[in-house]
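Colleague: I have the sequence and the coordinates open. Can you walk me through how to read a few features?
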Amino acid sequence: MRLQSGIGKLFAIMFIILVITGCSTGQGTSSTATGKGKTDNGGTLVIARLSDAENLDHQFMSTINSASVTHGKIYEGLVGRDKNAEIKPLLAEEWNQLDDVTWEFKLRKGVTFHDGTEFKADAVKATFDRLLDPNVGSPRAIVFKMVKEVKVIDDYTVQFILDEPFSPLLSILASHEGGIIGSKTIEKFGKNIINEPNGTGPFVFESWASGKEIVFKKNDDYWGKKANVDKVIFKVVPEETTRISMLETGEAHIAEPLSVPMMDTVESSQASKVYRSEGYGTEFIGFNVQKAPFNDVRVRKAISHAVEMDSIIKGVFNNVGKKANSTMGSQVFGYHPDLKAYEYNLNEAKKLLAEAGYPNGLEISLLTMDSKERINMAEVLQSQLKGIGVNIKIEVMEYGAFVQKLYGADTQMFLLSWRNATGDGDYNQYNQFHSSSHGASGNAFFYSNKEVDSLIEAARREKDQEKRKELYAKSQELQMEDAVYIPVRVIENLAAIGKNVKGFSMSPSGYLEINEVEIK
């Protein structure tokens with residue numbers, strides 16, 4: 001019945017797109033064509049997105065969805081990543097680790113913030129002082145808690161003095177949390193969320209109509225390679241069929257995210273195509289381990305044994321994204337290739353439920369955001385778990401409300417993805433599983449295990465990269481033993497892009513890369 005319904009919807013969507021295409025004037029809002037097939041720098045790039053950014057202050061962002069708007073566009077860090085995901089110089093031209101706890105960075109000269117202020121060491125210090133100030137209360141302060149002091153040596157030299165050795169420092173400085181903010185903006189907003197972002201990047205903030213659109217314009221004074229387009233508009237368009245239709249009519253050039261059920265529709269279009277690349281992130285089913293009945297590990301293990309994952313990967317995701325065994329993608333440093341998830345075993349599941357005091361089953365609530373795949377997966381889980389007497393009430397929420405409820409601990413079971421912003425296992429392990437990261441810092445499981453904490457902390461201090469991998473492997477094994485989550489699949493970054501767009505990509509972390517985009 002579900003399959004028939006899905007096919008019906010697909011034909012309906014295709015019909016709508018054909019009608020719109022037939023009626024279209026073909027006049028895109030931002031076309032800068034000077035001849036057939038010719039590209040011309042300039043124009044307005046329109047990106048239709050599922051949801052708005054939660055804010056434009058990367059020290060208060062809790063999702064890659066928001067960070068993707070500003071990271072590398074408005075804000076830049078001391079270091080970044082190249083197309084091969086290798087660390088590269090950005091606002092720092094070079095760096096050296098002077099000893100176990102001292103890192104020195106030589107800053108790039110001739111860089112200005114969007115307000116015209118020259119980029120110097122004082123801005124680096126002001127940025128991290130604000131991030132780490134307990135009176136500011138940034139949920140991302142946890143990421144840099146090892147930083148004792150940012151010390152200005154001269155106008156173009158800063159030192160990061162750490163409380164203890166921290167091997168993955170560069171990987172975090174390359175993520176959105178490491179973006180440098182103009183000092184005058186910090187003075188203006190103080191501990192309040194910044195709603196007029198001021199960085200050094202290739203785009204300058206112009207306006208934000210909350211829930212509608214965010215507008216950036218090209219930074220003509222950018223120190224590096226300037227953007228090709230004159231303006232970029234991030235439009236909030238919750239309905240996916242509308243987003244795809246906007247590509248057909250030329251009202252938008254990129255639509256994201258793209259759901260698996262819509263891939264065939266986009267591929268069959270004359271105006272758009274599917275962009276896909278493997279990401280660092282994974283999708284998983286999570287448990288709030290402090291909330292009954294999932295405060296009992298036997299219940300978590302029972303659910304884990306009752307989920308038949310192969311049918312979910314095939315039926316819900318059409319085999320897009322390979323089966324996961326962890327919350328880490330296979331390209332993340334510290335990934336454990338030999339980690340084993342729970343096998344499908346209904347008899348064992350029923351036995352564990354009976355031992356936990358639920359011989360006749362139980363009722364639970366499952367929270368998900370309002371995306372097609374997540375809702376489909378929730379319905380498949382609902383059907384599968386009936387086999388062990390578990391009745392699921394599915395709660396679907398708009399993305400912003402979903403995030404708020406998820407990290408507010410008001411959940412039992414949830415569907416979630418985690419996009420690693422750094423490519424290093426620390427970003428997964430510390431944010432998702434350390435006891436100090438409960439809530440908005442990333443630990444939506446509200447999980448605590450002293451041995452896991454110790455392993456994660458040891459991996460942060462360890463210089464030997466092979467030993468770090470061993471520590472992460474043990475940590476992941478303990479998390480699986482505690483049945484904190486059920487791994488689903490490694491995420492593929494998916495977007496629909498107009499065939500008149502070139503130069504677009506998504507980083508493995510899920511950041512939109514638009515600086516080289518051209519529109520035919």
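Colleague: Start with a helix. How many of the ten residues of helix α6 (residues 240-249) are buried?

Modeller: First, a caution: this is a predicted model. Now the helix. Nine of the ten residues of α6 are buried, leaving this helix mostly covered. Among them are Arg 243, Ile 244, Met 246 and Leu 247. Charged residues are on the list too, including Glu 240 and Glu 248.

Colleague: What follows α6, and what is the sign of its phi?

Modeller: Gly 250 follows α6, with a positive phi near 85°. Look also past α15, where Ala 483 has a positive phi, near 50°.

Colleague: Stay with α15. Why does its end-to-end distance agree with its number of residues?

Modeller: Count the residues, then compare the span. Helix α15 (residues 465-481) has 17 residues, so at 1.5 Å a residue it should span 24 Å. Its end C-alpha atoms lie 25 Å apart, which agrees.

Colleague: What happens at the start of α15?

Modeller: Look for a side chain reaching a backbone nitrogen. Here a side-chain oxygen of Asp 464 comes to within 2.9 Å of the backbone nitrogen of Glu 466.

Colleague: Which residues of α15 are buried, and what covers them?

Modeller: The buried set is Arg 468, Leu 471, Tyr 472, Ala 473, Ser 475, Gln 476, Leu 478, Gln 479 and Met 480. Their cover includes α13 (425-433), α14 (450-461) and strand β16.

Colleague: Now a helix pair. At what angle do α8 and α10 pack?

Modeller: Take the angle and the axis distance together. Helix α8 (residues 297-306) packs on α10 at about 160°, with the axes 8 Å apart. The two helices are therefore roughly antiparallel to each other. The crossing of α8 past α10 is left-handed.

Colleague: Which residues meet there?

Modeller: From α8 come Arg 298, Val 299, Lys 301, Ala 302, His 305 and Ala 306. They meet Leu 346, Glu 348, Ala 349, Leu 352, Leu 353 and Glu 355 of α10.

Colleague: On to single residues. Where does Asn 493 lie, and is it buried or exposed?

Modeller: Place the residue, then check its accessibility. Asn 493 sits in strand β16 (residues 485-498). Asn 493 counts as buried because its relative accessibility is 0%.

Colleague: What does Asn 493 contact beyond its neighbours in sequence?

Modeller: Beyond four places in sequence, its contacts include Tyr 275, Arg 276, Ser 277, Glu 278 and Gly 279. Met 506, Ser 507, Pro 508 and Gly 510 are also in contact with Asn 493. Ser 277 is 216 residues away in sequence, yet 5.2 Å away in space, C-alpha to C-alpha. Another partner is Arg 419, whose side chain makes a polar contact of 2.6 Å with that of Asn 493.

Colleague: What about a loop residue? Is Thr 200 buried or exposed?

Modeller: A loop position does not settle the matter, so check accessibility: at 0%, Thr 200 counts as buried. Thr 200 is placed in the loop between α5 (183-189) and β8 (203-209). Its side chain forms a polar contact of 2.7 Å with that of Glu 76. Thr 200 also touches Ile 74, Leu 91, Phe 113, His 114 and Trp 223, among others.

Colleague: Which residues does Asn 318 contact, leaving aside its neighbours within four places in sequence?

Modeller: Val 260 and Ile 313. Asn 318 is in the loop between α9 (309-315) and α10 (346-355). Val 260 and Asn 318 are 58 residues apart along the chain, with their C-alpha atoms separated by 7.0 Å.

Key: Residues are numbered from 1 along each chain as its sequence is written. This is a predicted model: local features need pLDDT of at least 70, side-chain atom pairs count only at pLDDT 80 or more; totals for chains, interfaces and linings use all residues. Side-chain values use heavy atoms; hydrogens and water are left out. Helices (H or I, at least four residues) and strands (E, at least two) are DSSP runs, numbered from the N terminus. Buried means under 20% relative accessible area, exposed over 50%, partly exposed in between (1.4 Å probe, protein chains only). Contact means heavy atoms within 4.5 Å. A polar contact is a pair of N or O atoms within 3.5 Å; within protein, one must be able to donate a hydrogen and the other to accept it, and residues adjacent in sequence count only if both atoms are side-chain atoms. The expected span of a helix is 1.5 Å times one less than its number of residues. Axes are lines fitted to C-alpha atoms, for helices over the stretch in contact, and angles run from 0 to 180 degrees between N-to-C directions. Angles under 35 degrees count as roughly parallel, over 145 as roughly antiparallel, 65 to 115 as roughly perpendicular and the rest as oblique. A crossing is left-handed if the near helix is turned anticlockwise from the far one by less than a right angle, and right-handed if clockwise.
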